[in-house]
Amino acid sequence: MAAAAQAPSARATFLPDTTSTRQYIGAWAVLSVVQYFVAEAAVIGAWAGPEPYDRRTGFISDLGAVHCGVFDGRSVCSPLHPLMNASFVVQGLGMLLGALLLSSALLRIAARPGAPVAASHSGEVPWFAAVGTRVFTGTAGAGTIIVGLVPEDVGSGWHFAGAVMYFTAGSFALLLLGGLWLGQTPLGRFILACGIVSLSALVTGGVTGMKVPEPGTLERLMGYPITVGLAAAGLVVAQRVHHERAVRKATRARAA
């Protein structure tokens, strides 16, 4: 009986490596998605259509259109379209890198310093949420890469498919991560709210076929919260990893 009582529990806990270069790169990769807003502003400033570009009525993909002319009933002319499409690709690569490099264990405790995770994660909701966050983030990243590589006016349905992948998977990634981080950080509610806004706008766009007075606004309500929410998540993880690396460095310095 005594021996049995001393046996290690199958639910033993461990603290994942929060100091590895892999995690650091992954966090900054996700945070890098904010470059999109700089690129978009620059491309809008160079717009050469017959009417000034208006974020309220103009579709985001119009900024990446390769040709000047009428597309789907809209007059488009974006001289800096290579920059916009490159930004889409870079944004997607950042999301893919984050999904691949950030471990599920780290995502579970990144917003709660010092918290351990279960060594056995069979059937655990937090583990499934963390894995799902990575899968959806990677899917959204692949989608926006497709959007950048296949502009809207090249006659391919892949552009639309990529956009749907980005909006759908991105919003679900935020919903899962926001729910996972509720109670761990105030940003948990913010990230969850971003996912709700994005998914609600996506459903509205699907129901209306984007036939609304301000389609540009609606599309940005789908996309902007994903970029902002993921950047916020990247910041949380980057700060946690940076802090742990600084602590490890100080500890080694004292031991030397």
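1. Helix α4 (residues 81-101) packs against helix α6 (residues 125-149) with the two axes 7 Å apart and an angle of about 160 degrees between them. Because of that angle, α4 is roughly antiparallel to α6, the cut-off for this class being over 145 degrees. The crossing of α4 past α6 is left-handed. These values come from a predicted model.

2. On the α4 side, the contact with α6 is made by Asn85, Phe88, Val89, Gln91, Gly92, Leu93, Met95, Leu96, Ala99 and Leu100. Their partners in α6 are Arg134, Thr137, Gly138, Ala140, Gly141, Ala142, Thr144, Ile145, Val147, Gly148 and Leu149. By class, the residues of this contact are 12 nonpolar, 8 polar and 1 charged. Glycine is counted as polar here, and the α6 side includes Gly138, Gly141 and Gly148.

3. Thr137 deserves a separate entry. This residue belongs to helix α6 and counts as buried, because its relative accessibility is 7%, under the 20% limit. Leaving out residues up to four places away in sequence, Thr137 touches Met95, Ala99, Ala173 and Leu230. Met95 and Ala99 are among the α4 residues that meet α6, while Leu230 is among the α9 residues in contact with α2.

4. The second helix pair is α2 (residues 21-31) with α9, whose axes come within 7 Å and cross at roughly 150 degrees. This angle makes α2 roughly antiparallel to α9. The crossing is left-handed. From α2, the contact uses Thr21, Gln23, Tyr24, Ala27, Trp28, Val30 and Leu31. From α9, the residues are Leu230, Ala231, Gly234, Leu235, Val237, Ala238, Val241, His242 and Arg245. The contact divides into 11 nonpolar, 4 polar and 1 charged residue.

5. How many aromatic pairs does a search of the whole structure find? There are 8. One of them joins Tyr36 and Phe37 edge-to-face, at 5.5 Å centre to centre and with 75 degrees between the planes. Tyr36 is buried, because its relative accessibility is 4%. Phe37 is partly exposed, because its relative accessible area is 28%, above the 20% limit for buried residues and below the 50% limit for exposed ones.

6. Phe37 also pairs with Tyr224, again edge-to-face, at 5.1 Å centre to centre and 75 degrees between the planes. This pair links distant parts of the chain: Phe37 lies in helix α3 (residues 35-45) and Tyr224 in helix α9 (residues 215-255), 187 residues apart. Tyr36, Phe37, Phe88 and Tyr224 form one aromatic cluster. Phe88 is also one of the α4 residues that meet α6.

7. Is Arg248 buried, partly exposed or exposed? Arg248, a residue of helix α9, counts as partly exposed, because its relative accessibility is 32%. Its C-alpha atom and that of Met84 are separated by 40 Å, and the two residues are 164 apart along the chain.

Notes: Residues numbered from 1 in each chain as written. Predicted model: local features only at pLDDT ≥ 70, side-chain atom pairs only at ≥ 80, totals over all residues. Heavy atoms only, no water. Phe/Tyr/Trp six-rings, centres within 6.5 Å; stacked < 30°, edge-to-face > 60°. Buried < 20%, exposed > 50% of the residue type's maximum accessible area, 1.4 Å probe, protein only. Helix = DSSP H or I, 4+ residues; strand = E, 2+ residues; numbered from the N terminus. Axes fitted to C-alpha atoms, helices over the stretch in contact; angles between N-to-C directions. Parallel < 35°, antiparallel > 145°, perpendicular 65-115°, else oblique. Left-handed = near helix turned anticlockwise from the far one by under 90°. Contact = heavy atoms within 4.5 Å.
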